[in-house]
Amino acid sequence: MSKNPIINAISASSYIFLVASVIRFISQTQGNKPDTFFAPVAFLSLLTFSVVVMASIFFYQPLQLFIDGKKKEAVRLFVQTVGVFGLITTVVWILIFSGLI
């Protein structure tokens, strides 16, 4: 992804928002149809895909920096990305529990 932790965290949050929106839309169109064998297959596939996406957002650039011998910069980027993502998550939870969203 990026060497900017804010962009990385916003990318992760945007991906989560997109996936949640798609799941909500699909569930509304399905009504009360019973799940089939393919429902768990679809969700496990989505989980696997999401793990790959999040790993690339959080780990790709730090790993590249680490391999290039810039260990302190790699750790700093990873910690800052996780910190900004944690801050975004905290703000969302506060907005949910306060009833604003």
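# Notebook: three helices and two pockets

I began with helix H3, where Ala74, Leu77 and Thr81 are buried. The model I am reading is a predicted one, and I keep that in mind for every entry below.

**Entry on H3.** I looked up what the buried residues of H3 pack against, and found helix H1 (5-30) and helix H2 (38-67). I then checked the length of H3, which runs over residues 71-98: at 1.5 Å a residue its 28 residues should span 40 Å, and because the end C-alpha atoms are 40 Å apart, the two values agree. I also looked just past the end of H3, where glycine 99 takes a positive phi of about 85°.

**Entry on H1.** I repeated the length check on H1, whose 26 residues reach 38 Å from the first C-alpha to the last, close to the 38 Å expected at 1.5 Å a residue. Which residues of H1 are buried? I noted Pro5, Asn8, Ala9, Ala12, Ser13, Tyr15 and Val19, and I recorded that what covers the buried residues of H1 includes H2 and H3. I set beside this list the general point that an α-helix has 3.6 residues a turn, so residues three or four places apart point the same way. At the N-terminal end of H1 I found a cap made by asparagine 4, with a side-chain oxygen 2.9 Å from the backbone nitrogen of isoleucine 6. Just after H1, glycine 31 takes a positive phi of about 60°.

**Entry on serine 2.** I went next to the segment before H1, where serine 2 lies. Is serine 2 buried or exposed? Its relative accessible area is 17%, and because buried means under 20%, serine 2 counts as buried. I followed the side chain of serine 2 to the backbone nitrogen of asparagine 4, which it reaches at 2.8 Å; asparagine 4 is also the residue that caps the N-terminal end of H1. Leaving aside neighbours within four places in sequence, I listed Ile7, Asn8, Gln61 and Leu77 as the contacts of serine 2, and I noted that Leu77 is among the buried residues of H3, while Asn8 is among those of H1.

**Entry on alanine 9 and phenylalanine 85.** I took this pair to follow H1 against H3, since alanine 9 lies in helix H1 and phenylalanine 85 lies in helix H3. How far apart in space are alanine 9 and phenylalanine 85, C-alpha to C-alpha? They are 4.7 Å apart, although 76 residues apart in sequence. Alanine 9 counts as buried, because its relative accessibility is 0%. Not counting residues up to four places away in sequence, I found that alanine 9 touches Thr81, Val84, Phe85 and Ile88. From the other side, with neighbours within four places in sequence left aside, phenylalanine 85 is in contact with Ala9, Ala12, Ser13, Ile16 and Phe58. I also recorded the separation of phenylalanine 85 from valine 53, which is 15 Å in space, C-alpha to C-alpha, for 32 residues in sequence.

**Entry on leucine 18.** I looked for a contrast to alanine 9 and chose leucine 18, which lies in helix H1 and counts as exposed, because its relative accessibility is 52%. I then noted that the C-alpha atoms of leucine 18 and lysine 70, 52 residues apart along the chain, are separated by 33 Å.

**Entry on the largest pocket.** I turned to the pockets, and recorded a volume of about 320 Å³ for the largest pocket. Of the 13 residues that line it, the closest to its centre are Ile26, Gln30, Asp35, Ala39 and Phe43. The elements that give two or more residues to this lining are H1 and H2, and H1 gives the most, with five residues. By class, I counted seven nonpolar, four polar and two charged residues in the lining of the largest pocket.

**Entry on the second largest pocket.** About 270 Å³ of space lies in the second largest pocket. Which elements each supply at least two residues of its lining? I found H1 and H3. The lining includes Ser13, Ile16, Phe17, Phe85, Ile88 and Trp93, and its residues divide into eight nonpolar, three polar and one charged. I closed by noting that phenylalanine 85, one of these lining residues, is in contact with Ser13 and Ile16, among others.

Technical notes
Residues numbered from 1 in each chain as written. Predicted model: local features only at pLDDT ≥ 70, side-chain atom pairs only at ≥ 80, totals over all residues. Heavy atoms only, no water. Helix = DSSP H or I, 4+ residues; strand = E, 2+ residues; numbered from the N terminus. Expected span 1.5 Å × (residues − 1). Buried < 20%, exposed > 50% of the residue type's maximum accessible area, 1.4 Å probe, protein only. Contact = heavy atoms within 4.5 Å. 1 Å grid on protein atoms, 1.4 Å probe; cavity = no way out; pocket = protein on both sides within 12 Å on 5 of 7 lines; lining within 4 Å. Points joined across faces, edges and corners; volume = space filled by probe spheres on them. Nonpolar A, V, L, I, M, F, W, Y, C, P; charged D, E, K, R; others polar. Polar contact = N/O pair within 3.5 Å; in protein donor to acceptor, adjacent residues only side chain to side chain.
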